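Subject: Structure handover

Hello,

Here is the structure I promised to pass on. Please open it first, then read my notes below.

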Amino acid sequence: MLDLDLEFPFEKLAQDLQTTGISILPNFVSPDILSKLELRIAELSSDDFKQAGIGRLASHEQNKKIRRDKIHWLDTSNELESVWLNYMGELKAYLNRRLFMGLFSYESHFAIYPPGAFYKKHMDAFKGKTNRILTTVLYLNQSWASDNGGELVVYNPDNHDEILTTVLPSYGTLVTFLSDEFPHEVLVANEKRYSIAGWFRVNASINHSIDPPK
Ligand code: OGA
Ligand code: MN
């Protein structure tokens, strides 16, 4: 049978964003792209991952109370990382044509949550303050069991105490949501958890300062 969601994942994503502001799509990414991303993670060493921060002014201790993941930013100079950045470039073009979102750039990092790691409830962007528009998270965990923890919990934009949905970080699932609308958190992972988080941004350059920076 023809499965329209699998056939046209970009269109399904656009429709979800238009109706609810959030999209959760299993099997969003082709097996070919997924295996290239796994290959890249496998060849990176722990030195290539840095403790993630929450802002320039926060201390290391403050950071560790809020998030414990380790990250590696993707760059076009690496062929395997380019595969993901190019694919998301296609999604950017699609969303701009389809929803006139005016997305300008995409930044993204691998994240490893070692056992015991979490990311407390937070927003990725604040209204009027930001150029991060759309958050994406792709999961790269083969056969993630529900007792492994590490779920993404998304809260209701109108009531930040109410859980909207809980997502298991399963292989190939892509979650996309409006960055300044949905509070979310990552529950404690009991196994090593792999993902790629990313953000589409608009061009907010003013007064000759280039933002986003190159
Ligand atoms: C983030 C984030 C969610 C996830 O990196 O900002 O919220 O499920 N990640 O990894
Ligand atoms: Mn986040």
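Start with two rings: Phe10 and Tyr87 are both buried. Buried means under 20% relative accessible area, exposed means over 50%, and partly exposed lies in between, with a 1.4 Å probe and protein chains only.

Before going on, some ground rules. This is a predicted model, where local features need pLDDT of at least 70, side-chain atom pairs count only at pLDDT 80 or more, and totals for chains, interfaces and linings use all residues. Residues are numbered from 1 along each chain as its sequence is written, chains are lettered from A and ligands numbered from 1 in the order in which they are written, and side-chain values use heavy atoms, with hydrogens and water left out.

**Aromatic pairs**

The whole structure holds eight aromatic pairs. The rings of Phe, Tyr and Trp (its six-membered ring) pair if their centres lie within 6.5 Å; planes under 30 degrees apart count as stacked, over 60 as edge-to-face and the rest as tilted.

Why is the pair of Phe10 and Tyr87 tilted? The ring centres are 5.4 Å apart and the planes are at 50°, so the pair falls in that class. Phe10 sits in helix H2 and Tyr87 in helix H5 (residues 79-99). They are 77 residues apart, so the pair links distant parts of the chain. Helices (H or I, at least four residues) and strands (E, at least two) are DSSP runs, numbered from the N terminus.

Tyr87 also pairs with Trp84. Here the centres are 6.1 Å apart and the planes are at 45°, so this pair is tilted too. Trp84 and Tyr87 are three residues apart in helix H5, which means about one helical turn separates them. Trp84 has 0% relative accessibility, so it counts as buried. Tyr87 is buried at 13%. Ring pairs join Phe10, Phe28, Trp84, Tyr87 and Tyr94 into a cluster.

**Helix H2**

Now look at the helix that holds Phe10. H2 covers residues 9-20, which is 12 residues. From first C-alpha to last it reaches 16 Å, close to the 16 Å expected at 1.5 Å a residue. That expected span is 1.5 Å times one less than the number of residues. Which residues of H2 are buried? They are Pro9, Phe10, Glu11, Leu13, Ala14, Asp16 and Leu17. Gly21 follows H2, and its phi is positive, near 85°.

**The largest pocket**

The largest pocket has a volume of about 950 Å³. On a 1 Å grid over the protein atoms alone, a pocket is an open set of points where a 1.4 Å probe fits, with protein on both sides within 12 Å along at least five of seven lines; lining residues have an atom within 4 Å of a point. Grid points are joined across faces, edges and corners, and the volume is the space filled by probe spheres set on the points.

The lining has 37 residues, and the closest to the pocket centre are Ile54, Arg67, Tyr119, Asp124 and Arg132. Strand S11 gives the most to the lining, with five residues. The lining divides into 19 nonpolar, nine polar and nine charged residues. Ala, Val, Leu, Ile, Met, Phe, Trp, Tyr, Cys and Pro count as nonpolar, Asp, Glu, Lys and Arg as charged, and the others, Gly among them, as polar.

Find Asp124 in the loop between S5 and S6. It is buried, at 13% relative accessibility. Asp124 touches Arg132, Thr135, Phe177, Ser179, His184 and Trp199, not counting residues up to four places away in sequence. Contact means heavy atoms within 4.5 Å. Asp124 and His184 are 60 residues apart in sequence, yet 8.7 Å apart in space, C-alpha to C-alpha.

**Other residues to find**

Lys120 is in strand S5. At 44% relative accessibility, it counts as partly exposed. The C-alpha atoms of Lys120 and Glu185 are 5.0 Å apart, with their positions 65 residues apart along the chain.

Phe100 is in the loop between H5 and S4. Its phi is positive, about 50°, although it is not a glycine. Is Phe100 buried or exposed? It is exposed, at 74% relative accessibility.

Ser143 lies in the loop between S6 and S7. Its phi is near 40°, a positive value in a residue other than glycine. Ser143 counts as exposed, at 72% relative accessibility.

Best wishes
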